[in-house]
Amino acid sequence: MHVSAFVVTCSDSRDASRDASGKVLRDGLESAGHNIAGYVVVKDDAEAIRGAVAEAQAAGARALLFTGGTGIGRRDTTVETLRALFEKELPGFGELFRMLSYRQIGSAAMMSRATAGTYQGMIIFALPGSPQAARLALDALILPELGHAVRELTR
């Protein structure tokens, strides 16, 4: 099943021209046959993040992939903002991501707060801002289950 996806980069320092993680996600989704309904770079603040979610909804996205803002820095607000919206959280996504990440980068993986959940007919993933983390999450977890997850949303 091919899915309409929307990619959001949360960053206070990057713009679209310097967004390697957003490019990794868009390219990977398109290579797997999914449609990119939209892409934006927003500041890591709650209002901008909620605005990106609304933009993805308006574009008809069924999957929304955020990159950035999932660490423990004082400006990292992506996780808190999205969790407040989630109707159902998928804790297994974050658990598996950290396990896989640990194999690649060691104990620093514990500082990732990657998560996923559902919101109004969409599945939302919140990923770290590094291109390597985006690639790992996409290839190992998101792409193998994306069609299945979206089908489950309609049951």
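Two strands count as paired if DSSP finds at least two bridges between them. With that in hand, the sheet of this predicted model is easy to lay out. Six strands form an open sheet, and reading across it gives the order β2-β1-β3-β6-β5-β4, with mixed pairing. At the edges sit β2 (residues 35–42) and β4, each of which pairs on one side only.

Strand β5 makes a good place to start a walk through this sheet. It covers residues 115–119, and five of its five residues are buried. In a regular strand, side chains alternate between the two faces of the sheet. Here both faces of β5 turn out to be covered. Thr115, Gly117 and Tyr119 are buried on one side, while Ala116 and Thr118 are buried on the other. As for neighbours, β5 pairs with β4 (residues 88–89) in the antiparallel sense, over two bridges. It also runs antiparallel to β6 (residues 122–127), and this time five bridges do the joining. Glycine 117 of β5 turns up in both pairings: it is the bridge partner of glutamate 89, and it stands opposite isoleucine 124 in β6.

Between β5 and β6 comes a hairpin with two residues between the strands. Glutamine 120 lies in this loop, and its backbone is worth a look. Most residues other than glycine have a negative phi. Glutamine 120, however, has a phi near 45°, a positive value in a residue other than glycine. Is glutamine 120 buried or exposed? Neither label quite fits, because its relative accessible area is 47%, which makes it partly exposed; the exposed class begins over 50%.

Another strand of the sheet, β3, holds threonine 67. This residue is buried, with a relative accessible area of 0%. What does threonine 67 touch, leaving aside residues up to four places away in sequence? The list runs through Val8, Thr9 and Cys10, then Ser21, Gly22 and Leu25, and finally Leu127, Pro128 and Gly129. Some of these contacts fall within other strands: β1 spans residues 4–10, and β6 spans residues 122–127.

Moving on to the helices, α3 takes in residues 78–85, and its buried residues are Thr78, Val79, Thr81, Leu82 and Leu85. These lie on the same side of α3, because they cover an arc of only 165° around the axis. The cover over them includes several strands, namely β1, β3 (63–67), β5 and β6, and also helix α2 (46–58).

Helix α4 contains glycine 94. Glycine 94 counts as buried, since its relative accessibility is 1% and the cut-off for buried is under 20%. From glycine 94 to leucine 29 there are 65 residues in sequence and 20 Å in space, C-alpha to C-alpha.

That leaves the pockets. The largest pocket holds about 310 Å³ of space. It is lined by 15 residues, and those nearest its centre are Leu90, Ile123, Phe125, Glu145 and Ala149. Three elements, α4 (91–105), β6 and α5 (131–153), each supply at least two residues of this lining. Which of them gives the most? It is α5, with eight residues. Sorted by class, the lining of the largest pocket has eleven nonpolar residues, alongside two polar and two charged ones.

The second largest pocket holds about 170 Å³. Of the 13 residues lining it, Phe97, Ser101, Ile105, Ser130 and Ala133 are the closest to its centre. The elements giving two or more residues to this lining are α4 and α5, and the largest share, four residues, comes from α4. How many charged residues does the lining of the second largest pocket have? There are no charged residues in it; eight are nonpolar and five are polar.

Definitions and conventions: Residues numbered from 1 in each chain as written. Predicted model: local features only at pLDDT ≥ 70, side-chain atom pairs only at ≥ 80, totals over all residues. Heavy atoms only, no water. Buried < 20%, exposed > 50% of the residue type's maximum accessible area, 1.4 Å probe, protein only. Arc of directions from axis to C-beta. Contact = heavy atoms within 4.5 Å. 1 Å grid on protein atoms, 1.4 Å probe; cavity = no way out; pocket = protein on both sides within 12 Å on 5 of 7 lines; lining within 4 Å. Points joined across faces, edges and corners; volume = space filled by probe spheres on them. Nonpolar A, V, L, I, M, F, W, Y, C, P; charged D, E, K, R; others polar.
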